[in-house]
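Me: I would like to go through this model slowly and ask, at each step, what justifies the words used for it.

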Amino acid sequence: MRSDNILKQKYWFSVSPFVFNLVYAAAVLLMYNPLFFRKFYEVSPSGMFFAGGLLCIFLLLNAAANILLFRPIAKFVAILLLMINSVVYYFMITYNISIDKVMLLNLLETDWNEAKETFSYSILAYAAFLGVLPSIVVYKTEILSRSAVSELCRRALTIVISLLVVAGLVFANFKTTAQFMRNNKPLKYSLIPVNYFGAVVSLVKIKLTEVKGPLEVVADDAFLIRYWENPNKKNLVVMVVGETARAQNWGLNGYEVDTTAPLNPYKNEIFNFTDVKACGTSTEISLPCMFALEGQHDFNRWKAKRRENLLDVAKAVGYEVLWRNNNSGCKGICARVETETPCQTSNCYDDILNENLAERLMSSPRDRLVVLHQKGSHGPTYYLRYPKSAEIYKPACKTERLDKCSDEEIVNVYNNTIHYTAQNLANLIEQLRALSDVYNVTIIYMSDHGESLGENGIYLHAAPYRFAPEGQVKVPFMIWMDNQTAENLKIDRACMMQYLNRPYSHDNLFHTALGVLGISTAVYKPELDVLEACRNSEKF
Ligand SMILES: [Zn+2]
């Protein structure tokens with residue numbers, strides 16, 4: 001049989017390195033970039049510009065191939081990149097995401113249990129057809145060798161000519177190109193393999209320049225003012241850090257579906273802020289930013305690791321601080337305080353965060369700050385975030401392949417996660433209300449970032465912030481305190497009504513928390529404390 005013969009042949013093709021690199025660059029561009037072509041075409045000023053752009057990209061890929069693909073490792077590198085391309089392409093096409101350093105960081109810092117949830121057999125099909133098959137062709141191709149000197153000269157010449165042609169094309173249309181590049185920066189995050197190479201280089205650069213040295217103290221003048229009416233009462237602040245909950249689907253914000261129904265009985269004790277912007281579009285950025293003194297404008301995730309945060313300040317003035325985790329880690333924030341991970345299996349529902357909390361807090365009443373870090377609405381496996389009994393909205397999407405579900409099923413399953421979060425908050429309120437003889441009790445709920453649910457074909461989160469859809473940026477934020485606590489902390493409830501719809505952001509959390517914790521320091525900015533305008537107290 002002829003096919004037997006083909007398989008037995010050592011090589012199917014014999015080509016020069018020049019031809020190999022040329023064909024490889026063209027294949028990479030064509031096989032993994034239909035998504036990029038579509039996006040590029042949509043924003044191209046003309047068909048000519050689009051064609052010229054593709055030619056430039058092809059020439060640059062060819063130049064890169066001439067730098068990277070050297071014998072004897074040329075085929076190994078070529079195959080490795082094909083395999084990576086196929087997997088990256090699968091994620092990009094399935095969730096319509098782009099790849100930049102934040103997305104890569106997301107991927108690297110995701111824990112194994114989360115990664116397992118994202119696994120789908122379709123990824124194997126992509127790897128087989130777009131990874132293994134072309135790799136076999138590469139494997140069965142003989143790259144002819146020449147003398148080293150001749151090889152180097154030819155490659156250098158190819159690279160120089162490629163760059164000259166690209167430079168010529170760019171300069172001939174300089175104004176249009178410069179404007180295009182300026183207006184369409186995120187486009188490069190869709191171009192395989194440029195996007196993940198760029199992300200790796202950015203991360204390595206950041207790692208190399210990472211700030212080392214001792215921890216920077218942010219509020220060394222901080223001290224506790226027990227400004228409440230009954231100063232002997234202990235102060236308890238529970239911060240529930242939400243995950244991937246977006247403002248748009250938060251019932252208390254006026255969403256047409258009453259996803260926060262379990263909180264309705266407590267409406268009179270809740271300050272719900274309707275217009276709140278997240279610091280970032282991913283946990284990696286938002287979480288440390290929420291607890292940092294510096295606001296979004298000055299926040300640097302890598303410097304933040306070496307700076308104290310809200311938890312350190314609270315601990316320094318005498319609070320007992322506890323971080324309870326049901327998420328994939330605290331991104332360094334909880335490094336210097338007591339932590340607990342009650343979940344001992346691969347996936348627990350968020351109700352585990354409430355378990356035995358009141359008993360624990362009552363066993364030795366002290367001023368306390370507790371953070372409950374939820375798994376919230378983390379996708380794409382939204383259906384794993386809540387127990388069967390909490391499935392309110394049906395039909396709900398029951399797969400991680402969101403592209404296989406209808407819009408209605410995705411919104412339903414997502415709304416179930418929000419409803420379940422509201423249910424857990426309601427349970428927490430009931431549990432902590434019982435402590436009000438001993439404690440002032442304040443619960444602050446704020447989500448880290450939002451989510452895209454398929455609007456314009458975009459799913460999940462971690463889009464570059466400047467270009468992120470509102471769904472990923474706007475988050476729910478509410479504060480609950482019973483009347484006794486509000487009175488004791490001198491908060492005028494009626495006054496607060498006029499502040500609930502004002503624009504706020506994650507920048508407000510640090511200072512609002514200092515206010516309810518009663519921490520005085522020169523770095524406190526009263527204008528960023530959302531309760532300050534309605535607090536009848538000299539000091540706060
Ligand atoms: Zn998150």
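Me: What makes strand 4 and strand 9 a pair, and in which sense do they run, parallel or antiparallel?

Reply: This is a predicted model, and in it strand 4 (residues 234–242) and strand 9 are joined in the parallel sense by 6 bridges. Because two strands pair once DSSP finds at least two bridges between them, the 6 bridges here satisfy the criterion. Within this pairing, valine 237 stands opposite leucine 369 of strand 9.

Me: How do you know that strand 7 pairs with strand 9?

Reply: The criterion is again at least two bridges, and strand 7 (residues 320–325) is joined to strand 9 by 6 bridges, with the two strands running parallel. Here asparagine 325 is the residue that stands opposite histidine 373 in strand 9.

Me: Why is strand 9 called largely enclosed?

Reply: A residue is buried if 20 or more other C-beta atoms lie within 10 Å of its own; 6 of the 6 residues of strand 9 (residues 368–373) are buried, and therefore the strand is largely enclosed by the rest of the structure.

Me: What makes both faces of strand 9 count as covered?

Reply: In a regular strand, side chains alternate between the two faces of the sheet. On one side of strand 9 lie Arg368, Val370 and Leu372, on the other Leu369, Val371 and His373, and all of these are buried.

Me: What share of the chain as a whole is buried?

Reply: Of the 540 residues in the chain, 42% are buried, and the chain that holds them has 20 helices and 15 strands.

How values were computed. Residues numbered from 1 in each chain as written. Predicted model: local features only at pLDDT ≥ 70, side-chain atom pairs only at ≥ 80, totals over all residues. Buried ≥ 20, exposed ≤ 12 C-beta atoms within 10 Å, placed from the backbone. Helix = DSSP H or I, 4+ residues; strand = E, 2+ residues; numbered from the N terminus.
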